[in-house]
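Here is a brief report on one protein model. It covers the empty space inside, the packing around that space, and a few residues worth finding on screen.

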Amino acid sequence: MIDKIFFLIKKIPFLSGDSSSAQLVRTYIVGAFNLGFGLCLAYIFQFFILSAVQVPLRTYLTNIFGFIFGVIVSYFLSRKVIFKLSFREVKLKEFINFVITNLINLFVPLIIWYFIDRLNPSIQENEIQFLIATIVIHAIILPVKYLIYKFFVFKDSLNS
């Protein structure tokens with residue numbers, strides 16, 4: 001299935017190029033996939049696996065567990081889809097930099113959820129409001145992450 005997606009992307013000239021704008025568009029495509037994957041994880045953790053844990057601790061744990069699973073999937077998708085780098089040339093230093101960069105995805109939402117808990121804690125208990133807030137939070141973070149990926153995380157691989 002992933003091969004079919006890569007094949008379709010390669011057929012669209014704007015998406016298949018190596019320009020920064022093509023990479024940014026692919027960042028949003030990968031980001032949309034990651035967001036969907038993350039929302040599924042968040043929903044499962046928030047309303048099923050951790051349902052016995054009280055809010056706001058449940059929300060914090062949901063974000064942490066989602067981060068752990070999501071960062072691994074995101075690394076490989078970012079490497080392959082956004083920057084067209086091989087899976088075979090994965091570098092430990094690069095992965096560590098990716099994890100460090102993605103701590104933005106862990107800590108910024110936790111900080112925002114902290115303030116949401118102070119202002120309106122019911123958002124964390126309502127399934128639709130929880131998902132909408134999660135989407136908005138991550139959509140704001142995505143362009144910043146792309147720039148960090150390009151100029152910090154994958155810089156060496158892109159230059160070689």
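A cavity is a set of grid points where a 1.4 Å probe fits but cannot get out. The model discussed here is predicted.

## The enclosed cavity

A search of the whole structure turns up one cavity of 30 Å³ or more. The largest cavity holds about 40 Å³ of space. Its lining is made of T27, V30, G31, N34, S74, S78, I82, L142, K145 and Y149. By type, these residues split into four nonpolar, five polar and one charged.

Which helices each supply at least two residues of this lining? They are helix 3, helix 4 and helix 6. Helix 3 provides the largest share, four residues.

## The open pocket

The largest pocket contains about 510 Å³ of space. Four elements give two or more residues to its lining: helix 3 (20-49), helix 4 (57-82), helix 5 (92-119) and helix 6 (127-153). Helix 3 gives the most, with nine residues.

In total, 28 residues line this pocket. N34, L35, G38, N105 and H138 lie nearest its centre. N34 also appears in the lining of the largest cavity. The pocket lining comprises 15 nonpolar, twelve polar and one charged residue.

## The nonpolar core

The largest nonpolar core has 26 residues. Within this core, F83, F98, W113, Y149 and F154 touch the most other members. Helix 3, helix 4, helix 5 and helix 6 each give two or more residues to the core. Y149 is also one of the residues lining the largest cavity.

W113 deserves a look of its own. Setting aside neighbours within four places in sequence, W113 contacts T59, Y60 and N63, among others. Its other contacts include I123, Q124, F130, A133, T134 and I137.

## Q23, a buried polar residue

Is Q23 buried or exposed? Q23 sits in helix 3. Its relative accessibility is 5%, so Q23 counts as buried; the cut-off for buried is under 20%.

The Q23 side chain makes a polar contact with the side chain of Y146, at 3.2 Å. Leaving out residues up to four places away in sequence, Q23 touches D18, I82, F83, Y146 and K150. Two of these partners come up elsewhere: I82 lines the largest cavity, and F83 is a member of the largest nonpolar core.

## Lysines with more access

K93 belongs to helix 5. With 58% relative accessibility, K93 counts as exposed, because exposed means over 50%. K93 and K150 are 57 residues apart in sequence. In space, they are 15 Å apart, C-alpha to C-alpha. K150 is one of the residues that Q23 touches.

K84 is found in the loop between helix 4 and helix 5. Its relative accessibility is 40%, so K84 counts as partly exposed.

## Backbone points to check

Two loops hold backbone features to inspect. K84 has a positive phi of about 55°, although K84 is not a glycine. This residue is in the loop between helix 4 and helix 5.

Which peptide bond is cis? The bond from V55 to P56 is cis, with omega near 10°. P56 lies in the loop between helix 3 and helix 4.

Terms used:
Residues numbered from 1 in each chain as written. Predicted model: local features only at pLDDT ≥ 70, side-chain atom pairs only at ≥ 80, totals over all residues. Heavy atoms only, no water. 1 Å grid on protein atoms, 1.4 Å probe; cavity = no way out; pocket = protein on both sides within 12 Å on 5 of 7 lines; lining within 4 Å. Points joined across faces, edges and corners; volume = space filled by probe spheres on them. Nonpolar A, V, L, I, M, F, W, Y, C, P; charged D, E, K, R; others polar. Buried < 20%, exposed > 50% of the residue type's maximum accessible area, 1.4 Å probe, protein only. Core = buried A, V, L, I, M, F, W, Y, C linked by side-chain atoms within 4.5 Å. Contact = heavy atoms within 4.5 Å. Polar contact = N/O pair within 3.5 Å; in protein donor to acceptor, adjacent residues only side chain to side chain.
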